Structures are given as C-alpha cells and as structure tokens.
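This report describes one protein model, beginning with a single residue and its contacts and then widening to the whole chain. Please examine the sequence and the structure shown below before reading on.

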Amino acid sequence: IQFVDVDDIELIQGADYYVTLHAGGQEFLYRESLKHLEDRLDPGRFVRIHVSAIVNLAKVKEIRRTLRGEHVVVLASGRKLPVSRRRRKELIDLGVTRFGLKA
C-alpha cells in the first residue's frame, strides 16, 4: 500500500474500473472507477476535462486554443491534454473565476 498526497496529484486518467494517478513524477494504479473517484474529490480543486481525465486545478498552467478551435490543458509538468467540448465552458469558467483570467 502506498499513500499519495492529494496535493501531489496532477492528473487522474481512467480506464474501466481502474485509474492511474500521476503524482510527483510517478504513476500509481488504483482500482476504482473514475466516476466514483470524481465524486469523492473536492470539485473546487479537481475538475474533469474529458471522459477519461481529471486534473488538479493547482497544476494547470494554461488552457490553450488550438488552430482547429479545440482546447487543451497544459499542466505544470508540460503535459498537454485535450478538453472535451462538453467540459470546455465549465473549465474556462472555473479558470476565469479562480485565476482571474479573461474570458
């Protein structure tokens, strides 16, 4: 059993009934559905950006618009993740209020 500090979690990626926690440059496999884990996380700190990904807002460096009009989240580690159209407005609204960004 390994304990992971919630503050260290950068990204949570899901696949079926497992999730991979990306924290502190390491990956940890955890047997739980992404939805169940999402329900237990603080929505003020973690946000779902895609059907298979949740990010820690404190680790979000920027939200970029691609040339194709899509959006990607750039994390502090440099990792880039797509944002689903369904989650885009919610994420941008959170960024605007939390980080004082311009809409």
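Beyond its neighbours within four places in sequence, Ile9 is in contact (heavy atoms within 4.5 Å) with Val4, Leu21, His22, Ala23, Phe46, Asn56 and Lys59. The model is a predicted one, in which local features need pLDDT of at least 70 and side-chain atom pairs count only at pLDDT 80 or more, whereas totals for chains, interfaces and linings use all residues. Residues are numbered from 1 along each chain as its sequence is written, and side-chain values use heavy atoms, with hydrogens and water left out.

Ile9 belongs to strand 1, which covers residues 9–15. Helices (H or I, at least four residues) and strands (E, at least two) are DSSP runs, numbered from the N terminus. Ile9 is separated from Phe46 by 37 residues in sequence and by 9.5 Å in space, C-alpha to C-alpha. Ile9 counts as buried because its relative accessibility is 6%; buried means under 20% relative accessible area, exposed over 50%, and partly exposed in between, with a 1.4 Å probe and protein chains only.

Two charged residues are also buried. Glu32 is placed in the loop between strand 3 (26–30) and helix 1 (34–40), and its relative accessible area of 8% makes it buried. Outside its neighbours within four places in sequence, Glu32 is in contact with Tyr17, Tyr18, Val19, Leu37 and Arg40. Arg48 is found in strand 4 (residues 46–50) and is buried at 11% relative accessibility. With neighbours within four places in sequence set aside, the contacts of Arg48 are Leu34, Lys35, Glu38, Ala53, Ile54 and Arg87.

Both residues take part in polar contacts, as tabulated below. A polar contact is a pair of N or O atoms within 3.5 Å; within protein, one atom must be able to donate a hydrogen and the other to accept it, and residues adjacent in sequence count only if both atoms are side-chain atoms.

| Side chain | Partner | Distance |
|---|---|---|
| Glu32 | Arg40 side chain | 2.8 Å |
| Arg48 | Glu38 side chain | 2.8 Å |
| Arg48 | Val51 backbone oxygen | 2.6 Å |

Asp16 lies in the loop between strand 1 and strand 2 (18–23). Its relative accessibility of 73% means that Asp16 counts as exposed. The phi of Asp16 is near 55°, a positive value in a residue other than glycine. Most residues other than glycine have a negative phi.

For the chain as a whole, the secondary structure consists of two helices and eight strands, in the order β-β-β-α-β-β-β-β-β-α from the N terminus. The radius of gyration is 13 Å, close to the 13 Å that the globule rule gives for 103 residues, so the protein is as compact as a globular protein of that length. This radius is taken over C-alpha atoms, and the rule is 2.2 Å times the number of residues to the power 0.38. The C-alpha atoms fill a box of roughly 45 × 25 × 25 Å along the principal axes.

Of the 103 residues, 34% are buried. Among contacts with a separation of 6 or more, 35% are between residues 24 or more positions apart.
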